[in-house]
Amino acid sequence: MEAEDDQFGSMMDEIHSNGGVDDSSRHRPIISGEQLDIEAYDALYSGRTKIMRLLFIADRCNNTSMQLEALRMAYDEIKKGENTQLFREVVQKINGRLGPNYGPDAGWTDSVDRRAEQRKEKLENELNAYRTNLIKESIRMGYNDFGDFYYAHGQLGEAFKNYVRTRDYCTTAKHIIHMCLNAILVSIEMGQFTHVTSYVSKAEQSQDALDPITTAKLRCAAGLAHLEAKKYKLAARKFLEVGQDLGNNYTEVIAPQDVATYGGLCALASFDRVELKSKVIDNINFRNFLELVPEVRELIQDFYTSHYASCLEYLGNLKANLLLDIHLHDHVETLYSQIRNKALIQYTHPFVSVDLNMMANAFKTTVTGLEKELESLITDNQIQARIDSHNKILYARHADQRNATFQRVLQTGGEFDRDVRAMLLRANLLKHEYNARSSRKHGNI
């Protein structure tokens, strides 16, 4: 492997050592591939999202004991609320596998449904009275209570309608922000992320009424909307802007650990080295989030310092658990592919030639597999190089200096020709006294 310039020598040594030679100075524990700690995961969230995340894990994981544990915790959590329809669905999923204590409970469901009917009738009577009296604040509260009622019972569409109806009765900026936050919460649960973007923008118009916690919530919501739309760079920027004020104040949607994971992976997949250094690694605010997820912090650092084997090992160990994340699962393969491609591009960039055997070792893959990856990147014009398949060497295609010199000579010649023609034209004009004649004509007029 030849270095194009002396300044890349240290980087080459570092990459070389990362390709398989023992580097005793970098003993760093790699996270194990152990299954997700559901109890610890469950503790990060509250409300409906806690239940939906547990059910998502139960549907996606292949481990039976883990699946039953998630269903058991979802069952217990649902019984703290009033969503009898979701309770019946969980009982059906459990299918008697957790014993008699986790089966149908007709007494509980009948009692909750009966109370719900009474509560609904009371809310309707109150709202009708408020409408008759035309008291805007009371009407707003009435619709808000209806929204809370429907949300608690899992009727998200009705909840959204009632929350949005409060908009006509909002009298202060804080009321508008409250309405937007409710609409955003329900929209996230329904997967309607266009609504999320819309209501985030509406809330941000009331800047004077936004406190730091609300601002952090809106940035999280915007980040989730961009993530869902596969706009990873925009998502990364929003998550990186989330302030420490978020804390555990938005656990009904997202945990601080998620901000670190979503923001870190989106940044790795979409930022260049300069942005990664300035906006992620040197970002004191975001560093506090990364401390909550050391694996993500370490893989970002490894990527930046060109320790690709270690970085990819972290990613590999994290993958199984990330595929169980309700928001990230659809994006894991795409993000991993983009991160790996960036690593391949970054690895080859400083060098005139690269030994594919050494590179394959660094990326824990076969030479044949590596060749296919590089071929794809070369075809997409992301790497300017050619592959010597016989000798297993990648040669960088740097600018043809000879051709560039000829082009500069031709350009200079063209400019010289133009200047000479302009000088000759001026000389001819002076010779025939064109300027003098023109001046005399103007004088006679």
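## Two crossing helices

Helix 9 crosses helix 11 with a left-handed turn. The model shown is predicted. Two packed helices are described by the angle between their axes and the distance between the axes. Here helix 9 covers residues 173-190 and helix 11 covers residues 212-228. Their axes come within 11 Å and cross at roughly 35°.

Which residues of helix 9 and helix 11 meet? Helix 9 brings Ile-177, Leu-181, Ile-184 and Ile-188. Helix 11 answers with Thr-214, Lys-217, Leu-218, Ala-221 and Leu-224. By class, this contact has seven nonpolar residues, one polar and one charged.

## Salt bridges

How many salt bridges does the structure hold? There are 23. Side chains of opposite charge can pair when their charged atoms come close.

One salt bridge joins Arg-237 and Glu-275, with the closest N and O atoms 3.9 Å apart. Arg-237 sits in helix 12 (residues 232-240) and Glu-275 in helix 14 (residues 273-281), so the pair ties together parts that are 38 residues apart in sequence.

## A nonpolar surface patch

Leu-425, Leu-429 and Tyr-434 make a nonpolar patch on the surface. Its area is about 310 Å². Tyr-434 belongs to helix 22, which spans residues 434-444.

Technical notes. Residues are numbered from 1 along each chain as its sequence is written. This is a predicted model: local features need pLDDT of at least 70, side-chain atom pairs count only at pLDDT 80 or more; totals for chains, interfaces and linings use all residues. Side-chain values use heavy atoms; hydrogens and water are left out. Patches are made of residues with over 30% relative accessible area and no salt bridge: like charges are joined within 9 Å, nonpolar side chains (Val, Leu, Ile, Met, Phe, Trp, Tyr) within 5 Å. Accessible areas come from the Shrake-Rupley method with a 1.4 Å probe; for residues, only the protein chains shown count as cover. A salt bridge is a side-chain nitrogen of Lys or Arg within 4 Å of a carboxyl oxygen of Asp or Glu. Helices (H or I, at least four residues) and strands (E, at least two) are DSSP runs, numbered from the N terminus. Axes are lines fitted to C-alpha atoms, for helices over the stretch in contact, and angles run from 0 to 180 degrees between N-to-C directions. A crossing is left-handed if the near helix is turned anticlockwise from the far one by less than a right angle, and right-handed if clockwise. Contact means heavy atoms within 4.5 Å. Ala, Val, Leu, Ile, Met, Phe, Trp, Tyr, Cys and Pro count as nonpolar, Asp, Glu, Lys and Arg as charged, and the others, Gly among them, as polar.
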